[in-house]
Structure formats: C-alpha cells, structure tokens
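The following exercises concern a ligand and its surroundings, and then a single residue. Please work through each task before reading its solution.

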Amino acid sequence: MSLLVVGTVAFDAIETPFGKTDKIVGGAASYISLAASYFTRDIDLVSVIGDDFPESFLNTLKKEGVKLDGLQIKKGEKSFFWSGKYHNDLNNRDTLETQLNVLEHFDPIVPESAKNCEFLMLGNLVPMVQQKVITQMKKRPKLIVLDTMNFWMDIALDDLKKTIAMIDVLTINDSEARQLSGEYSLVKAAQKILTMGPSVLVIKKGEHGALLFNKEEVFFAPALPLEEVFDPTGAGDSFAGGFIGYLAKTKDISFENMKRAIIFGSAMASFTVERFGTERLIGLSQKDVDERVQEFIDLVQFDISLV
Ligand code: AMP
C-alpha cells in the first residue's frame, strides 16, 4: 500500500564514546525510507538536497524501491547538515550544529502520483513544510504519522502545534513529550498531548523502549538489550519507518495492530544502532528481520497463571 515519506536527507557528523565520523549520509527520511522498505516497496520520498550529495546513496534508495520524483536537488547549494555528540550513556545527546542550508527555503512538491497515498509519514522537518505536504494531498491519507524534535519546539512551536492538530499519530521522545506538554509524568503528558489533535501518541525512551498511548489504553514495547550500541542516530526514524511500513503492509490501523507495529519499529531501530549511520539498514534479509522480531517476542513472553 502506498507510502509517502517526507523528511531530511542529510549529512551528519557524529561523535559517540566509540568513535567519530566525518560527514556521513543521514537524515530522518533516509532512515525512515530504508526501514520501511522491508515492509513495502511502494514508497515515494519528498525531500531536498544540494548538489553535494552522493549519487550512490540515491541509487541505494532507488534499489530499495524508493521513488525519488519528489526529491529536489538544488544546484550550487549545500545539503542539510547536523552534528551531534552522545553522552556516555548513549541515551542523551547534544546537538553541536544544525545547518539548514537547502532546508531554509524548501518548498515541498508532492508528485502527482503520490497525492493519493494512503499512508503519510512526516519525518522530522520544518513544521510548516510538513503542513504544506498534508495540504497537497488530493484525499486525506488513511493514516498520518508525524515525528519531530525539540529543535522545532524551540523555534517553531506555534507552527508545530498547528501541524500536530492535523495528524493521527505523533512520535516523540520522553523529554520532548515533557517539553510539549509541560508535564513531568509521561502519563499526564500523554493525556495532554492527546487533546492537541493526534489520537495516538508514541513516546520513545531510547534503550528503555517505547510507550504507545491512545485515550483509553497504554502499551509498552521494550528495546532489545544489545551488547553493543554503536551509534543511536536514526534510531527514532528507523522506528518510525518500521512502524508505518508494517501498518502500510498490513493495511490495518487499529490500536491492536499498532501494538505489533511498534515491535517491528523497535526491531528496525535495533539494527540501526549497531553501526554508524544508515549502514546496518542496507541489505538486511527478510530472515534477519524475522529473527530480530522473534528476539523481541522471546524477550517479553512470560507464562503466568493467576489463581
Ligand atoms: P534520530 O536519531 O532518529 O532523532 O534522527 C537523527 C537524524 O535526524 C539525523 O540523521 C539528522 O540528520 C536528522 N536531524 C537532526 N536534526 C534535525 C532537524 N532539526 N530537523 C530534521 N532532521 C534533523
């Protein structure tokens, strides 16, 4: 089922306790598309890059079934650049630099063929750009998922709130949920955020898993305890890609199916963190993904009989 992915395609420079990279390929939409491509091959990408971006990565996306008609390449301009440094616990990071570059004047154009898409994944991006994509749709998608971060809460909160009011599922991390709601308790934060528009909220908690809320229920998916977490960059985006990819594949947007979808999302995130950048997400087999999901099932399965 058709999926439209919007977000950054970018260069990142990352520092973790285990090493440092120069500019490598990253960006929210890169991770989302690659993760989703294990579930559906009907993906359109809307984004913008400069003419400094490696063609080899664009070919990788195409090979994975991602259509690039909506990817604008700006001559003589530089791609979005982000650099971050992780703390020793890898759950927290500081943004060292954000260069918007091509993103500053980005006017997204959704290709005609994607204007009827059934699933829309608005990856981390300028909130007004996310909104402009929604308003270009010919009919409302069956499901709109939006991911964002503290950066946009700091500089474009009003726009972000307007955009959030138009979507179905919001995915943010725990500190962002606290920032957006002004509540410390995540349960209270969720209750408040669920009055802002979305009917479902996912709160990502890094190595402590993810919580899925609707107004009545809450569900928890763990993160897989991994021996080595190399680079957490893109974990949230890979999670989002696995989540919406699975929903698009199964065509079922019930809360029960979303519970399964956050396990698939968590599985895709667990691959991403094993290497720097997008490297680990490229070339996985169906068997790799299935075995990883089985590890999640085994991790949380217990047998209790209440007498
Ligand atoms: P995650 O680790 O899942 O939060 O996502 C990291 C990715 O988000 C990196 O590849 C960055 O290029 C991208 N990114 C960082 N800051 C921003 C921002 N302000 N807007 C959009 N994308 C961003």
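**Exercise 1.** Determine which polar contacts (pairs of N or O atoms within 3.5 Å) link the ligand to G234, G27 and W152.

*Solution.* Begin with G234: a polar backbone atom of G234 is 2.7 Å from an oxygen atom of the ligand. Next, a backbone N or O atom of G27 lies 2.7 Å from an oxygen atom of the ligand. Finally, in W152 a side-chain N or O atom is 3.2 Å from a nitrogen atom of the ligand. On its own the ligand has 500 Å² of accessible area (Shrake-Rupley method, 1.4 Å probe), and the protein covers 94% of this area.

The model is predicted: local features need pLDDT of at least 70, side-chain atom pairs count only at pLDDT 80 or more, and totals for chains, interfaces and linings use all residues. Residues are numbered from 1 along each chain as its sequence is written, and side-chain values use heavy atoms, leaving out hydrogens and water.

**Exercise 2.** Describe the shell around the ligand, counting residues with a heavy atom within 4 Å of the ligand.

*Solution.* There are 19 residues around the ligand, of which D12, G27, R93, G234 and D237 come nearest. By class, the shell holds nine nonpolar, seven polar and three charged residues. Among the elements that each supply at least two residues are β2 (10-16) and α4 (150-155); α8 gives the most, with three.

**Exercise 3.** Establish whether Q72 is buried or exposed.

*Solution.* First, locate Q72 in strand β6 (residues 66-74). Its relative accessible area is 16%, so Q72 is buried (under 20%; exposed is over 50%, partly exposed in between).

Note on methods: Helix = DSSP H or I, 4+ residues; strand = E, 2+ residues; numbered from the N terminus. Buried < 20%, exposed > 50% of the residue type's maximum accessible area, 1.4 Å probe, protein only. Near = heavy atom within 4 Å. Polar contact = N/O pair within 3.5 Å; in protein donor to acceptor, adjacent residues only side chain to side chain. Nonpolar A, V, L, I, M, F, W, Y, C, P; charged D, E, K, R; others polar.
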